[in-house]
Amino acid sequence: MSEPEDYRTAIKEDIERVNQELQLVQNEGHEGKRVKEALWPIMRLHSKRSRIVFEALEKGEISISTMRWCADQGICDPQLLSKWRKPGYRNLCCMLCIQPNHTCICRVPKRDRPNRATTACEHCGCTGCADQDCCGFDDAVVE
Ligand SMILES: [Zn+2]
Ligand SMILES: [Zn+2]
Ligand SMILES: [Zn+2]
């Protein structure tokens with residue numbers, strides 16, 4: 001199937017911008033960073049692409065079939081999109097942080113953490129995506 005019309009008009013530009021960022025990050029190398037931390041920006045950019053698709057779908061700018069096309073192209077993760085529709089998962093950062101039998105620190109609301117600590121999680125560097133007022137899609141500081 002060729003590129004859907006609504007993909008081209010609604011989100012293609014945004015997706016391509018993220019692709020460029022991805023390429024930059026991937027070319028950057030990992031000097032001075034631990035391997036996991038080097039992957040954080042990549043994880044976040046992958047989630048960001050899914051988010052673009054998700055928001056366009058919610059606004060009715062693209063159709064379900066276009067969303068599926070994006071999933072087939074590897075542009076978005078349909079699992080993540082369906083999670084975002086569930087209460088409490090609206091800001092979920094990535095699928096790695098909700099693996100069975102493991103609750104990532106970033107899924108613990110800040111009020112339930114000792115000293116309300118904002119610790120970046122090891123999977124994707126998310127500092128918290130369980131709170132309503134906090135969005136995992138800010139350009140979080142990656143130190
Ligand atoms: Zn998170
Ligand atoms: Zn995550
Ligand atoms: Zn996490």
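This passage describes two helices, H2 and H3, and how they meet in a predicted model.

Helix H2 covers residues 12-28. Its 17 residues reach 24 Å from the first C-alpha to the last, close to the 24 Å expected at 1.5 Å a residue. Just beyond H2 comes Gly29, a residue with a positive phi near 80°.

Helix H3 takes in residues 35-58. For its 24 residues, a rise of 1.5 Å a residue predicts a span of 34 Å, and the C-alpha atoms at the two ends lie 35 Å apart, which agrees. H3 nevertheless has a kink of about 25°, and Pro41 is at its centre. H3, too, is followed by a glycine with positive phi: Gly60, where the angle is near 75°.

How are the two helices arranged with respect to each other? The axes of H2 and H3 come within 10 Å and cross at roughly 175°. Angles over 145 degrees count as roughly antiparallel, and H2 is therefore roughly antiparallel to H3.

The contact between them can be followed residue by residue. On the H2 side it involves Asp14, Ile15, Val18, Glu21, Leu22, Val25 and Gln26. These meet Pro41, Ile42, Leu45, Lys48, Arg49 and Ile52 of H3. Pro41, then, takes part in this contact and also marks the centre of the kink in H3. Sorted by class, the contact of H2 with H3 comprises 8 nonpolar, 1 polar and 4 charged residues. The spacing of such positions along a helix has a simple background: an α-helix has 3.6 residues a turn, so residues three or four places apart point the same way.

Val18 offers a handy close-up of the contact from the H2 side. Apart from neighbours within four places in sequence, Val18 touches Leu45, Lys48 and Arg49. The C-alpha atoms of Val18 and His46 are 8.4 Å apart, although 28 residues separate the two along the chain. Is Val18 buried, partly exposed or exposed? Val18 has 19 C-beta neighbours inside 10 Å, and because a buried residue needs 20 or more, Val18 counts as partly exposed.

Leu39, which belongs to H3, can be looked at in the same manner. Around Leu39 there are 17 other C-beta atoms within 10 Å, so this residue is partly exposed. Leu39 and Glu61 are 22 residues apart along the chain, and their C-alpha atoms are separated by 31 Å.

Conventions
Residues are numbered from 1 along each chain as its sequence is written. Chains are lettered from A and ligands numbered from 1 in the order in which they are written. This is a predicted model: local features need pLDDT of at least 70, side-chain atom pairs count only at pLDDT 80 or more; totals for chains, interfaces and linings use all residues. Axes are lines fitted to C-alpha atoms, for helices over the stretch in contact, and angles run from 0 to 180 degrees between N-to-C directions. Helices (H or I, at least four residues) and strands (E, at least two) are DSSP runs, numbered from the N terminus. Angles under 35 degrees count as roughly parallel, over 145 as roughly antiparallel, 65 to 115 as roughly perpendicular and the rest as oblique. Two residues are in contact if their C-beta atoms, placed from the backbone, lie within 7 Å. Ala, Val, Leu, Ile, Met, Phe, Trp, Tyr, Cys and Pro count as nonpolar, Asp, Glu, Lys and Arg as charged, and the others, Gly among them, as polar. The expected span of a helix is 1.5 Å times one less than its number of residues. The bend at a residue is the angle between axes fitted to the seven residues ending there and the seven starting there. A residue is buried if 20 or more other C-beta atoms lie within 10 Å of its own, exposed if 12 or fewer, and partly exposed in between; C-beta atoms are placed from the backbone.
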